[in-house]
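Hello,

As promised, I am passing the structure on to you. Please open it next to this email, and the notes underneath should help you find your way around.

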Amino acid sequence: MAWFKRKEKGIQTLTEDKKDVPKGLWYKSPTGKIIDSDELERNLWVSPEDDYHVRIGSKEYFQILFDDNEFTELDANLTSVDTLKFVDTKKYSDRLKDVTEKTKLKDAVRTAVGKSKGKDLVVCCMDFAFIGGSMGSVVGEKIARGINHSIKNNIPFVMISKSGGARMMEAAYSLMQLAKTSAKLAQLAEAKIPYISLCTDPTTGGTTASYAMLGDINISEPGALIGFAGPRVVRDTTGKDLPEGFQTAEFVLEHGFLDFIAHRKELKNKINLYIDLILNQEIR
């Protein structure tokens with residue numbers, strides 16, 4: 001029964017020649033449920049076992065919202081620059097280069113226009129994979145330009161937030177985006193163009209303090225973390241235990257900061273329903 005043991009001694013295999021199980025075949029949700037990745041995608045990245053909404057990015061949200069996944073990306077080549085020559089554990093310029101190569105994204109937000117249930121829609125969607133979805137100058141500029149496109153062409157605007165907050169590497173330049181995007185949304189309101197804000201996991205920091213909470217209708221996915229400072233920071237600052245479910249979408253809805261929670265399978269229909277109701281037009 002020699003096949004139970006190695007007959008030859010001293011056999012060594014180079015690391016690059018070792019066989020590994022391919023990554024991405026299975027997904028394990030935080031509740032411990034395991035699902036095939038292809039099945040997860042077919043279910044719009046929602047675990048059928050426990051209904052957990054897996055964190056996704058602009059590519060997946062565009063696929064969900066736009067008819068036949070057909071859209072035109074706006075301002076696709078805008079990229080951040082290291083104006084302040086910022087250095088923490090590494091140079092900001094190096095960090096930008098590394099994350100761009102890793103994610104194939106130009107920054108933490110993408111803007112697109114296309115048909116959703118047959119009518120034009122502008123969607124700005126944040127990507128958490130790009131430096132935690134942090135809000136820098138490019139994020140603010142692309143959102144502002146997306147709003148401009150909505151105003152110029154009289155197209156409803158959707159913002160999908162997924163962010164850890166302001167980008168510290170850009171200091172005050174980042175904080176200026178709160179005022180910039182809020183002012184642009186005021187112009188959108190003056191033009192009487194609908195704005196739907198979708199908060200996804202997580203929506204925190206300056207994002208929550210600006211455009212994420214300024215929608216004509218503010219909605220969220222189930223279970224999303226929504227707040228300004230995170231639960232740990234709040235607990236450490238106040239020295240008090242937090243209520244159960246603190247800063248979850250359900251908690252925020254109960255306390256009046258959200259209008260609705262929408263399951264990802266219903267997202268496209270719900271967003272377009274709210275737009276039709278705001279515009280007092282026939283329900284699609």
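Strands β4 (residues 109–116) and β5 (residues 119–126) pair in the antiparallel sense, with eight bridges between them. Please keep in mind throughout that this is a predicted model. Where the two strands meet in a hairpin, two residues lie between them, and Lys-117 takes a positive phi near 55° there. Ser-116 stands opposite Lys-119 of β5.

On to the other pairing of β4. Strand β3 (residues 71–74) is joined to β4 over four bridges, again in the antiparallel sense. If you would like a pair to click on, Thr-72 has Val-113 in β4 as its bridge partner. Is β4 largely enclosed or not? Seven of its eight residues are buried, so the rest of the structure largely encloses this strand.

Now for the sheet as a whole. It is an open sheet of seven strands with mixed pairing, and the order is β3-β4-β5-β6-β7-β8-β9. Which strands stand at the edges? They are β3 and β9 (260–261); each has a single partner strand, so one side of each is left without a neighbour in the sheet. Further in, β6 and β7 run parallel and are joined by six bridges. In that pairing, Ser-161 stands opposite Cys-199 in β7. As a general point for looking at any of these, side chains in a regular strand alternate between the two faces of the sheet.

Next, the helices. Helix α2 (residues 58–65) lies across β3, β4, β5, β6 and β7, and runs at about 10° to β4. Helix α2 also packs with helix α8 (residues 267–278), at an angle of about 65° and with the axes 8 Å apart. Angles of 65 to 115 degrees count as roughly perpendicular, which makes α2 roughly perpendicular to α8. From α2, the contact is made by Tyr-61, Ile-64 and Leu-65, and from α8 by Leu-267, Lys-268 and Ile-271. Sorted by class, this contact has five nonpolar residues, one charged residue and no polar ones.

Helix α5 (residues 171–190) deserves a look too. With 20 residues, α5 reaches 30 Å from its first C-alpha to its last, close to the 28 Å expected at 1.5 Å a residue. Which residues of α5 are buried? They are Ser-174, Gln-177, Leu-178, Thr-181, Lys-184, Leu-185 and Leu-188. What do these buried residues pack against? Their neighbours are α4 (137–153), β6 (157–163) and β7 (195–203). Just after α5 comes Lys-192, with a positive phi of about 60°.

One last spot is Asn-43, in the loop between α1 (37–42) and α2. Is Asn-43 buried or exposed? Its relative accessible area is 16%, and under 20% counts as buried, so Asn-43 is buried. Leaving aside residues up to four places away in sequence, Asn-43 touches Pro-48 and Lys-265. Asn-43 and Lys-265 are 222 residues apart along the chain, yet their C-alpha atoms are separated by 8.0 Å.

Enjoy exploring, and do write back with any questions.

Best wishes

Conventions: Residues numbered from 1 in each chain as written. Predicted model: local features only at pLDDT ≥ 70, side-chain atom pairs only at ≥ 80, totals over all residues. Heavy atoms only, no water. Axes fitted to C-alpha atoms, helices over the stretch in contact; angles between N-to-C directions. Parallel < 35°, antiparallel > 145°, perpendicular 65-115°, else oblique. Contact = heavy atoms within 4.5 Å. Nonpolar A, V, L, I, M, F, W, Y, C, P; charged D, E, K, R; others polar. Buried < 20%, exposed > 50% of the residue type's maximum accessible area, 1.4 Å probe, protein only. Pairing = 2+ DSSP bridges. Expected span 1.5 Å × (residues − 1).
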